[in-house]
Amino acid sequence: YRPREELVSLIDYVDSVYLKYGAPNELKGTEGEEVQKIKAEAATKGLRLVDFPIRHMGTDRCVEVLKRMRAALGKSVDMIFNTEVKSVKTEDGAVTAIETKDGQFYEADYVILSPGRSGSRWLKRVANDIGLATSSNQVDVGVRVEVPAKTLKPITDVMHEAKLVHLTGLFNDTIRTFCMNPYGVVVKEGHGDLYTVNGHSYSDKRSENTNFALLVSTTFTEPFDDPIGYGRHVAILANLLGKGILVQRLGDLEAGRRSTVERIVENSLQPTLKDATPGDLSFVLPYRYICDILEMMRALDRLAPGVGAPSTLLYGVEVKFYSLRLKLSNSLETEVANLFAAGDGAGTTRGIIQAAVSGVVAAREILERVMQK
């Protein structure tokens, strides 16, 4: 949507805002020589390292940063929480108002739709109601992996989070690590009527484990056009079998057997998500995804010995619901005048910094139009 040079400038601006409201000064992934060593070693194992600087806030500190941002806005901005938007109103090709589920109307000259990943189904419904063109993004489905923190310490001490990409040999699928949490915890994430798995890393407390997602990217072809629905059904199946989240030892998955409570209790690596149900992920994930995940685990084990140990824990499932993309202009305006879309749920971004950047792009365009009136 924006030129690379402008994007870099926008990222710097957003980063400065986070710093202003309490994000830490430390940047990891900037140690050039050490990063290049890891990148070169990864390449010999069939992995591509995507290196970038990272400023780790921590889940707990993020809440404090957002509270400070909200306090700074003070009474100049009205914020209404726990209120579902039922519909977006348009007239003569332009946005005019929104209607909430409880029947309240809010007239507006400009509206930004920014629902986040879990609101992608809502956005699809709204888009259909007002006739916005949409296209399907890829869907990312996989597991969250948990290993002893010392296994990945040589990498996470340098980079904090390593994004490693692998092209599988059997199916030619792209699989990648995502959201690595050194010394973190695995958590259950609610999406209305279903649960998926995720991970957190805190600023002031540590576990003895590190967790990360392994996600397989799939772009479906015609006639199928509901990747969000596909991802939901996989998650619902895991919830059905596990009453929430399933957990399985890597060794059990490789041996073709389910994990039991006894095997998890006796495992040398103990799960940080205590209410995950021991089970068999091969009853949930398609054969193709299982093959991709096992191949990636072997590649990671060659880079960081111990990742592929039988005691490694796999939680299922992890699904990223950003599989809807609206037709947008370079300023992120939809086909309806003065109606903008931003963030992960709108399919424009995949992460906190670029999601924030997209909001800035839309806001600056609106500000410019207001100033011209």
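This report describes the strands, helices and one pocket of a predicted model.

## Basis of the description

The model is predicted, so local features need pLDDT of at least 70 and side-chain atom pairs count only at pLDDT 80 or more, while totals for chains, interfaces and linings use all residues. Residues are numbered from 1 along each chain as its sequence is written, and side-chain values use heavy atoms, with hydrogens and water left out.

Helices (H or I, at least four residues) and strands (E, at least two) are DSSP runs numbered from the N terminus. Two strands pair if DSSP finds at least two bridges between them.

## The eight-strand sheet

Eight strands make up an open sheet with mixed pairing, in the order β1-β8-β9-β12-β7-β15-β13-β14. Its edge strands, each paired on one side only, are β1 and β14 (277–278). At one edge, β1 (residues 48–50) runs antiparallel to β8 (residues 163–167) and is joined to β8 by three bridges; L49 has L164 in β8 as its bridge partner. Three bridges also join β8 to β9 (residues 174–181), again in antiparallel fashion, and the bridge partner of L167 is T174 in β9. β8 and β9 form a hairpin with six residues between them, and N172 in the turn has a positive phi of about 60 degrees.

At the other edge, β13 (residues 246–249) pairs with β14 in the parallel sense over two bridges. There L246 stands opposite T277 in β14.

## Helices across the sheet

Helix α6 (residues 227–242) lies across β7 (139–148), β13, β14 and β15 (313–320), and runs at about 145 degrees to β15. Helix α9 (residues 287–303) lies across β7, β8, β9 and β12 (209–218), at about 135 degrees to β12. Axes are lines fitted to C-alpha atoms, for helices over the stretch in contact, and angles run from 0 to 180 degrees between N-to-C directions.

## The three-strand sheet and a hairpin

Three strands form an open, antiparallel sheet in the order β2-β3-β4. β2 (85–91) and β4 (105–107) are the edge strands, each pairing on one side only. With direction ignored, neighbouring strands of this sheet are turned by 25 degrees against each other on average. Strand β3 (residues 94–100) pairs with β4 over three bridges, and F105 in β4 is the bridge partner of E99.

Elsewhere, β10 (residues 185–190) and β11 (residues 195–200) pair in the antiparallel sense over six bridges. V185 stands opposite H200 in β11. These two strands form a hairpin with four residues between them, where G192 in the turn has a positive phi of about 70 degrees.

## A helix crossing

The axes of helix α1 (residues 4–20) and helix α10 (residues 352–372) come within 9 Å and cross at roughly 105 degrees. The two helices are therefore roughly perpendicular (65 to 115 degrees). In contact (heavy atoms within 4.5 Å), L7, L10, I11, Y13, V14 and Y18 of α1 meet I352, I353, A356, V357, V360, V361 and R364 of α10. By class, this contact has twelve nonpolar residues, no polar residues and one charged residue. Ala, Val, Leu, Ile, Met, Phe, Trp, Tyr, Cys and Pro count as nonpolar, Asp, Glu, Lys and Arg as charged, and the others, Gly among them, as polar.

## The second largest pocket

A pocket is an open set of points on a 1 Å grid over the protein atoms alone, where a 1.4 Å probe fits, with protein on both sides within 12 Å along at least five of seven lines; lining residues have an atom within 4 Å of a point. The second largest pocket holds about 350 Å³ of space, a volume being the space filled by probe spheres set on the points. Its lining has 18 residues, of which E26, K28, H56, H160 and R206 lie nearest the centre. That lining divides into six nonpolar, five polar and seven charged residues.

Conventions: Parallel < 35°, antiparallel > 145°, perpendicular 65-115°, else oblique.
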